[in-house]
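User: Please take a close look at one part of this model for me. I would like the salt bridge examined in detail, then set against the rest of the chain.

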Amino acid sequence: MGRWKLVLLALAIVSVATAPAAAESYTLTELGTLGGVFSWGYSVNDAGEVTGYSRTSSNTPHAFLYSGGTMVDLGTLGGTGSIGFGINDAGQVTGYADTASNAAHAFLYSAGTMTDLGTLGGSSSFGYGINDAGQVVGYSSTGSTTRAFLYSAGTMVNLGTLGGSNSYGYGINDAGQVVGYASTGSALHAFLYSEGTMTDLGTLGGTGSYAQDINNVGQVVGYSDTASGTRAFLYSEGTMSSLGTLGTTSGAFAINDAGQVVGYSQVAGTNEQHAFLYFEGVLTDLNSLLPEGSGWVLSQATDISNSGQITGFGFYNGQTRAFLLTPDAPAVPEPACSVLLTLGAVGVAFGVVRRKRRRVV
């Protein structure tokens, strides 16, 4: 288990004058496991707390809360397993867990207690996103269909569809706006649900699209079919734009309020998925910042906090492990002027050993 210092050079180039370069360094922390062989990080809050899931020593998946260097098992709803998907700044976690009847139900974990959120009338439900007000978004069976839900103040509300049968909720911001994807009758399209209305966000020219997260500015990220494969997208001010790839396919999972996006992309000429950070038009393979011989391959970046911390999972010496990337200092450019951000790795220093939104595409 270990930490590595990653150094990223951000050169802010203004049209009139060149501003001084601001260097940002990251610490990469391997989060360990709950006693089993692997762990996955899914969501990180602004306090650096992470949720996800890990295999236990009995080889069952359990949701965890990683805080202050310690991974805590969140347990279940009386059944075998659980998975944590979303965490807010109060440390509340949502996900889903097995009940005593072996059905998966969405949960809200708060102050040491896991609460069953119930369903929309069917047998199962799944929690994925949670905002700072404790509102939870996900999807539930109704008995005959699957519908996105918004859980607030003890009530689970069916958000409807885009004209078809099913819908799935994934992300929510502090204004209560929800994103996910829903059936139009002929395809699945990304949606934005706001003030009782579900809006179709369209696609990048292909058949389907799938929204995963929304920030407090109202920007949405996810992935869409195109004529040449799946692409990560950013939806902002009514326009869906492709973020490109590191080779072939790509998908975006999370966006923070500064507009930094994380996700994955298939690397050209390989079968590997690599985690990426996208900002100001630049798509950076996070593995390009690792020192040679680190033992890590960062596979997917699944969330990024407003403080710039990134969680996800990768392979550490061949073992699947949750990771947390922590910037030593903020490196987001001042918003007062238009800048071109160029990223490059400039150095690596070994750190001190101390030994986490949903969604594999």
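The answer below starts with the pair itself and then moves outward.

Analyst: A caution comes first: this is a predicted model.

Start with the pair. Arginine 321 and glutamate 30 form a salt bridge through their side chains, with 3.1 Å from N to O. That falls inside the 4 Å cut-off for such a pair. Arginine 321 belongs to strand E29, which covers residues 319–327, and glutamate 30 belongs to strand E2, residues 22–30, so the contact ties together parts that lie 291 residues apart in sequence. The total count of salt bridges is one.

Is each partner buried or exposed? Arginine 321 has 15% relative accessibility, so this residue counts as buried. Glutamate 30 has 2%, so it counts as buried as well. The cut-off behind both calls is under 20% relative accessible area. As a general point, side chains of opposite charge can pair when their charged atoms come close.

Now the setting. The protein has 30 strands and zero helices. It has 361 residues, and 58% of them count as buried. The exposed area is about 13,900 Å², with 49% of it supplied by carbon and sulfur atoms.

Charge also appears on the surface. Asp46, Asp89, Asp132, Asp174 and Asp257 form a negative surface patch. Take one of them, aspartate 174. This residue sits in the loop between strand E15 (167–172) and strand E16 (178–183). At 41% relative accessibility, aspartate 174 counts as partly exposed.

Another loop holds a polar contact. Glutamine 260 lies between strand E23 (247–255) and strand E24 (261–267), in the loop that separates them. Its side chain makes a polar contact with the side chain of asparagine 256, at 2.8 Å. Glutamine 260 is buried, at 9% relative accessible area.

One strand residue rounds out the picture. Tyrosine 109 is part of strand E9, residues 104–110. Its relative accessible area is 12%, so tyrosine 109 is buried. Threonine 94 is 15 residues away along the chain, and the C-alpha atoms of the two are separated by 6.2 Å.

Back to the pair, then. Arginine 321 in strand E29 and glutamate 30 in strand E2 tie together parts of the chain that are 291 residues apart.

Notes. Residues numbered from 1 in each chain as written. Predicted model: local features only at pLDDT ≥ 70, side-chain atom pairs only at ≥ 80, totals over all residues. Heavy atoms only, no water. Helix = DSSP H or I, 4+ residues; strand = E, 2+ residues; numbered from the N terminus. Buried < 20%, exposed > 50% of the residue type's maximum accessible area, 1.4 Å probe, protein only. Patch = residues over 30% accessible without salt bridge, like charges linked within 9 Å, V, L, I, M, F, W, Y side chains within 5 Å. Areas by Shrake-Rupley, 256 points an atom, 1.4 Å probe, with all protein chains shown as cover. Lys, Arg positive; Asp, Glu negative; His and termini not counted. Charge placed at Lys NZ, Arg CZ, Asp CG, Glu CD. Polar contact = N/O pair within 3.5 Å; in protein donor to acceptor, adjacent residues only side chain to side chain.
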